[in-house]
Amino acid sequence: MDQQSVSSGPASAPTTAVDASGGQGRRMAVTVLVLRNALGLFFLVASAAPKLVAHPSAAEPFDAIGFGDWFMYLVGVLELAGGIALLVPVLSGLAAFSLIGLMAGAFITQLAVFDGENAATPPVMAALLGVVAWQQRHTLPELVARVRAREARG
């Protein structure tokens with residue numbers, strides 16, 4: 001067998017595939033990083049902050065829900081915690097998964113209380129959070145290991 005037939009044979013194909021997937025993996029990592037940061041900032045600034053300062057744009061819809069101000073503050077605190085956690089790599093998978101649950105509640109509320117007026121927003125946010133949750137799923141065992149190590153130290 002000559003040198004050319006060895007280098008152009010099937011053995012060289014996986015190297016090309018690995019190189020291509022490595023580039024795709026890096027692009028995906030950067031995309032998820034940007035998405036995590038954008039969603040984290042959205043939940044901090046655009047979503048949690050108006051609720052926590054009881055801005056009328058947040059207070060009026062929560063008055064329509066009928067649970068009182070405590071519910072607005074609870075949702076604001078959950079969004080604040082989720083937004084911060086999205087910015088912390090080891091917490092981002094759990095945060096994204098948890099915020100999907102919050103978006104499910106928002107979707108149901110939009111349908112039940114507001115006749116679906118802005119019902120598309122929570123599923124879109126949930127889909128974006130789903131991408132982050134899936135891509136950051138490897139952080140969950142790491143988080144559990146850190147918690148267990150801390151408990152073992154006492």
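Asp115 counts as exposed, because its relative accessibility is 71%. In this predicted model, Asp115 sits in the loop between α5 and α6. Its backbone deserves attention as well: the phi of Asp115 is near 55 degrees, a positive value in a residue other than glycine.

Ala54 presents a related case. Its phi is positive, at about 55 degrees, although Ala54 is not a glycine. This residue is found in the loop between α2 and α3, the latter spanning 56–65. Is Ala54 buried, exposed or partly exposed? Its relative accessibility is 30%, and therefore Ala54 counts as partly exposed.

I turn now to the charged pairs. The structure holds two salt bridges. In one of them, Glu79 pairs with Lys51, and the closest N and O atoms are 3.1 Å apart. Which parts of the chain does this pair tie together? Glu79 belongs to helix α4 and Lys51 to helix α2, so the bridge joins parts that are 28 residues apart in sequence. Both partners, Glu79 and Lys51, are buried.

The other bridge links Glu142 to Arg146, with the closest N and O atoms 3.1 Å apart. Here both residues lie in helix α7, residues 139–153, and they are four residues apart, about one turn of the helix. Glu142 is partly exposed because its relative accessible area is 35%. Arg146 likewise counts as partly exposed, since its relative accessibility is 48%.

Let me move to the nonpolar interior. The largest nonpolar core has 14 residues. Those with the most contacts inside it are Leu39, Phe43, Leu86, Ala96, Met103, Leu129 and Val132. Which elements give two or more residues to this core? They are α2 (12–52), α4 (69–87), α5 (89–112) and α6 (121–135). The largest share, five residues, comes from α6.

Leu86 illustrates how this core is connected. Leaving aside residues up to four places away in sequence, Leu86 touches Arg36, Leu39, Gly40, Phe43, Ser92, Ala95, Ala96, Leu99, Leu129 and Val132. Among these neighbours, Leu39, Phe43, Ala96, Leu129 and Val132 also appear among the core residues with the most contacts.

There is, in addition, a second, separate core of five residues, which includes Ala58, Ala59, Phe62 and Met72.

To close, I return to helices α2 and α4. Both give two or more residues to the largest nonpolar core, and the salt bridge between Glu79 and Lys51 ties them together as well.

Definitions and conventions
Residues are numbered from 1 along each chain as its sequence is written. This is a predicted model: local features need pLDDT of at least 70, side-chain atom pairs count only at pLDDT 80 or more; totals for chains, interfaces and linings use all residues. Side-chain values use heavy atoms; hydrogens and water are left out. A nonpolar core is a set of buried Ala, Val, Leu, Ile, Met, Phe, Trp, Tyr and Cys residues joined through side-chain atoms within 4.5 Å. Buried means under 20% relative accessible area, exposed over 50%, partly exposed in between (1.4 Å probe, protein chains only). Contact means heavy atoms within 4.5 Å. A salt bridge is a side-chain nitrogen of Lys or Arg within 4 Å of a carboxyl oxygen of Asp or Glu.
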